[in-house]
Amino acid sequence: MRSVGIIIGAQLVSGLPLLVALVAGLVMATAGRRRLTGRARRFLLAGLLLLLFDFVLGATWPLLIEFTFDRRVASMDLILFAYGLASSLTLGVGVALLTAAVFVGRPAAPPAAPHPGAYPAYGPGGGPVDTDPYAPTPAPR
């Protein structure tokens, strides 16, 4: 039991930056209601909660194995496979939801303004003006 506590403690300490980032993201997502649209906010919160669940699952799975593992019923390979599958799915779906939150509900950007040199400039007489500074100047009449 002591070794399980050491493993969980080590995982929590090593994952502390991720935990702080996830909690800070949840706080900012709930505080920034005016800046986020409805769908984007829901995707963001769902993604952050899934990633937080994956973090908690990863930190506590040794404890779960200690209390639920029965050598007569299941093999350790099956338990590790189930944990790996659950962790992969929650991590993948969580990141996909965060990515969707970035792009959903955003209006399309307006078309870019043309480059100033793309069209000829027109002078006072309506004709094109030569904007090339190195062009030879016409001889006076």
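**An exposed phenylalanine and its surroundings**

Good morning. At 55% relative accessibility, Phe81 counts as exposed, because the threshold for that class is over 50%. The model in front of you is a predicted one, and I shall begin with this residue before turning to the chain as a whole.

Phe81 sits in helix α4, which covers residues 76–103. Together with Leu78, Leu85 and Leu89, Phe81 makes up a nonpolar patch on the surface, and the accessible area of the four comes to about 430 Å². In general, nonpolar side chains in soluble globular proteins tend to be buried together. It is also a general point that an α-helix has 3.6 residues a turn, so residues three or four places apart point the same way.

Let me now set out the overall arrangement. The chain contains 4 helices and 2 strands, and from the N terminus their order is α-α-α-α-β-β. Of its 141 residues, 21% are buried. The accessible surface amounts to about 10,800 Å², and carbon and sulfur atoms account for 69% of that. Among contacts with a separation of 6 or more, 66% are between residues 24 or more positions apart.

Where, then, is the largest nonpolar core, and which residues form it? It has 10 residues, namely Leu22, Leu26, Ala29, Leu44, Leu45, Leu48, Leu51, Leu52, Phe55 and Ala101. Helices α2 (16–31) and α3 (38–68) each contribute at least two residues to this core. The largest share, 6 residues, is supplied by α3. One core member, Ala29, touches Leu36, Arg41, Leu44, Leu45 and Leu48, when residues up to four places away in sequence are not counted.

I return to helix α4, this time to its buried residues. These are Ser87, Thr90, Gly94, Leu97 and Ala101. Is Ser87, which belongs to this helix, buried or exposed? At 15% relative accessibility, Ser87 counts as buried, since the limit for that class is under 20%. Setting aside neighbours within four places in sequence, Ser87 is in contact with Asp54 and Leu57. Ser87 and Leu57 are 30 residues apart along the chain, yet their C-alpha atoms are separated by 7.6 Å.

The length of α4 can also be checked. Its 28 residues, at 1.5 Å a residue, should span 40 Å, and the end C-alpha atoms are 41 Å apart, which agrees. Just after this helix, Gly105 adopts a positive phi of about 75°.

Two valines from the earlier helices complete the picture. Val13 is located in helix α1, residues 2–14. With a relative accessible area of 62%, Val13 is exposed. Its C-alpha atom is separated by 9.8 Å from that of Ala59, and the two residues are 46 residues apart along the chain.

Val23, by contrast, is in helix α2. Its relative accessible area is 38%, so Val23 is partly exposed. Between the C-alpha atoms of Val23 and Leu49 the separation is 9.2 Å, with the pair 26 residues apart along the chain.

To close, I would ask you to look once more at α4. Its buried residues include Ser87 and Ala101, and Ala101 is also a member of the largest nonpolar core. Phe81, in the same helix, is part of the nonpolar patch on the surface. Thank you for your attention.

Notes. Residues are numbered from 1 along each chain as its sequence is written. This is a predicted model: local features need pLDDT of at least 70, side-chain atom pairs count only at pLDDT 80 or more; totals for chains, interfaces and linings use all residues. Side-chain values use heavy atoms; hydrogens and water are left out. Patches are made of residues with over 30% relative accessible area and no salt bridge: like charges are joined within 9 Å, nonpolar side chains (Val, Leu, Ile, Met, Phe, Trp, Tyr) within 5 Å. Accessible areas come from the Shrake-Rupley method with a 1.4 Å probe; for residues, only the protein chains shown count as cover. A salt bridge is a side-chain nitrogen of Lys or Arg within 4 Å of a carboxyl oxygen of Asp or Glu. Buried means under 20% relative accessible area, exposed over 50%, partly exposed in between (1.4 Å probe, protein chains only). Contact means heavy atoms within 4.5 Å. A nonpolar core is a set of buried Ala, Val, Leu, Ile, Met, Phe, Trp, Tyr and Cys residues joined through side-chain atoms within 4.5 Å. The expected span of a helix is 1.5 Å times one less than its number of residues.
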